[in-house]
Amino acid sequence: MAANLVNLEAVDKVYGTRALLDGISLGVNEGDRIGVVGRNGDGKTTLIRILARLEDADKGRVTHAGHLRLGVLTQHDSLDPAATVRHEVIGDMADHEWAGNAKIRDVLTGLFGGLDLPAFPQGLDTVIGPLSGGERRRIALAKLLIADQDLIVLDEPTNHLDVEGISWLAQHLRERRSALVCVTHDRWFLDQVCTRMWDVQRGAVHEYEGGYSDYVFARAERERIAASEEAKRQNLMRKELAWLRRGAPARTSKPRFRIEAANELIADVPPPRDSAELMKFASSRLGKTVFDLENVTVQAGPKVLIEHLTWQLGPGDRIGLVGVNGAGKTSLLRTLAEAARTDGEKQPAAGKVVVGRTVKLAYLSQEVGELDPTKRVLEAVQQVRDRVDLGKGREMTAGQLCEKFGFTKEKQWTPVGDLSGGERRRLQILRLLMDEPNVLFLDEPTNDLDIETLTQLEDLLDGWPGSMVVISHDRYFVERTTDRVFALLGDRFLRMLPRGLDEYLERRQRVIDAATPAAPAPEVAKAKPSADARAAKKELQKIERRLDRISEQEAKLHERIAEQATDFEAVAKLDAELRELAGEREELEMRWLELADDA
């Protein structure tokens, strides 16, 4: 049985008049991998800070196991600005000592792209003080991961990491023995790493088994039971569940939620987007031409980022744009935006950009635009427009759209200057959509947004008729909102990736492998699947066939009970058979879960 590492017993935490945590009792055991989700401001960070004893609870008790080795990544690092990267990450270890340590080599390569830290001016001897917040965060994460820990607590670890860095971190954490508690809005990362979820809502914490996909399934089922029929149909969680089951299968390799139950739950839920209808509507709004690029060169100062680019963004296209940092993703969007802003007069360094005559562009940059801090939230939105046409006959007032983005009626009267970074980001997106654009450029739109707001934004974009380009390190958001993926791999060319982000990571890995000296061939050949693993797989298949037969038998018994409803003796006998089948099903499902971990 796994040993207990941390216990929270009846913990309360109040800020002002608001109870963030109300009588919370939770535990973390050896081997646990827990993802923490919830709206911004509901207490996720407070919960893990109390768990790590960085903050005191108002009531209750927090207990740590004796000699617990605890590592914590907070949103603000405690690195010495006068120290070098070498001093903070490696300490006093000699070069031959740390270079011979496989874990240290893996962390440095995974987070910095090489043992010599190629992105830093003096490599390991770079002084920390002048570095950016993102660079400092990578250093703090590397320092944490190199140490040996019993429990790692991470607050938004994927911030400032690109797609490759997030993929590496997920694999690294899966292979570690340490227990993990992690707050993040990156849903792909949660699915890859976590086996349990804590959902923080209005002072309570709800626990779910499995990763993010399993959490969506289970929460949707819980809300289905609790809600009325009409409320069920309007539940965003069910729409996301439908996308997870239909559009992106096998997101979790060991599902805790029965597939049959999930399919039944989404039986009447339409696909997230009607692509043909949206394309037709977008064509009517935009015509045939949106952006046509012919032999274009994109530069940042004297540096050539992209050259000989001939590409077309058509009406209704939903494009995900990924690539290595510095390859020119943002520069490409800025080039197109400049051409649109000047009606085609401002052209790139070489080549030609043709802009459609009806293009109305909205560009969400990474920087939060300046707004009058004295204006109220609702006033800042109404300043753009009072009502917005969302297509397909849907219309919303400024106040309704504010509520959809998490600004309650009370919050709508908050001065802009009092908003948090995430709330300002939400407001910025709101104002863009209120202007009724027909082309959207979104550069890292998920920054500072919680999962619930991301889900609402995705739902809104599902019915938005226009062309869209999304730059994001949030793999889930890219896959959820776009239809095609293009990549800039650092070689000045734009490529379409038919297999999306999986293909991008494979291509990047080939580039890294080609630049890395070949390792000596291993002495031991790769082991074949053991006899035990083969036997487990065979038994799994047998269990699944038996579960299917049980479902058929149960359906027939229910029919017979309905037919003989007035024969109490017969009904009692049939009911006994049903209970026996239910008991067998429960035993088989438990055995299935045990075998799934070994197969």
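Let me begin with helix α1, which is mostly covered, since six of its eight residues are buried. The buried residues of α1 are K44, T46, L47, I48, I50 and L51. Please keep in mind throughout that what we are looking at is a predicted model.

What does α1 pack on? Helix α1 packs on a sheet, where it touches β1, β2 and β4, and its direction makes about 130° with that of β1. That sheet is an open one, made of three strands in the order β2-β1-β4, and its pairing is antiparallel. Its edge strands are β2, covering residues 18–29, and β4, each of which pairs on one side only. On average, and with direction ignored, neighbouring strands of this sheet are turned by 15° against each other. If you follow strand β1, residues 4–15, you will find that eight bridges join it to β2 and that the two run antiparallel, with Y15 standing opposite R18 in β2.

Now let us step off the end of α1. Just after this helix comes R53, which takes a positive phi of about 60°, and R53 is found in the loop between α1 and β4, the latter being residues 59–64. As a reminder for those new to backbone angles, most residues other than glycine have a negative phi. Is R53 buried, partly exposed or exposed? With a relative accessible area of 47%, R53 is partly exposed, because that class lies between the 20% limit for buried and the 50% limit for exposed.

A second arginine belongs in this part of the talk, namely R202, which has a positive phi of about 45° although it is not a glycine. R202 is found in the loop between β8, residues 196–201, and β9. At 71% relative accessibility, R202 counts as exposed, because the cut-off for that word is over 50%.

The strands on either side of R202 bring us to another sheet. Here six strands form an open sheet in the order β5-β6-β7-β3-β8-β9, and the pairing is mixed. The edge strands are β5, residues 70–73, and β9, residues 204–209, and each of these pairs on one side only. At the β5 end, β5 and strand β6, residues 151–155, pair in the parallel sense over four bridges, and the bridge partner of L70 in β6 is L151. Helix α5, residues 133–146, packs on this sheet and touches β5 and β6, while its direction makes about 170° with that of β5.

Next I would like to turn to a pocket. About 930 Å³ of space lies in the second largest pocket, which is lined by 36 residues, with R39, N40, G41, D42 and D450 lying nearest its centre. Which elements supply at least two residues each of this lining? They are β3 (33–37), α1 (44–51), α16 (421–434) and α17 (451–462), so helix α1, where we started, appears again here. The largest share, four residues, comes from α16. Sorted by kind, the lining residues divide into six nonpolar, 15 polar and 15 charged.

Finally, there is a hairpin further along the chain. Strand β19, residues 484–488, is joined by four bridges to strand β20, residues 494–497, and the two run antiparallel. Within this pair, F486 stands opposite M496 in β20. Five residues lie between β19 and β20 in the hairpin, and G490 in the turn has a positive phi of about 90°.

Definitions and conventions:
Residues numbered from 1 in each chain as written. Predicted model: local features only at pLDDT ≥ 70, side-chain atom pairs only at ≥ 80, totals over all residues. Heavy atoms only, no water. Pairing = 2+ DSSP bridges. Contact = heavy atoms within 4.5 Å. Axes fitted to C-alpha atoms, helices over the stretch in contact; angles between N-to-C directions. 1 Å grid on protein atoms, 1.4 Å probe; cavity = no way out; pocket = protein on both sides within 12 Å on 5 of 7 lines; lining within 4 Å. Points joined across faces, edges and corners; volume = space filled by probe spheres on them. Nonpolar A, V, L, I, M, F, W, Y, C, P; charged D, E, K, R; others polar. Buried < 20%, exposed > 50% of the residue type's maximum accessible area, 1.4 Å probe, protein only.
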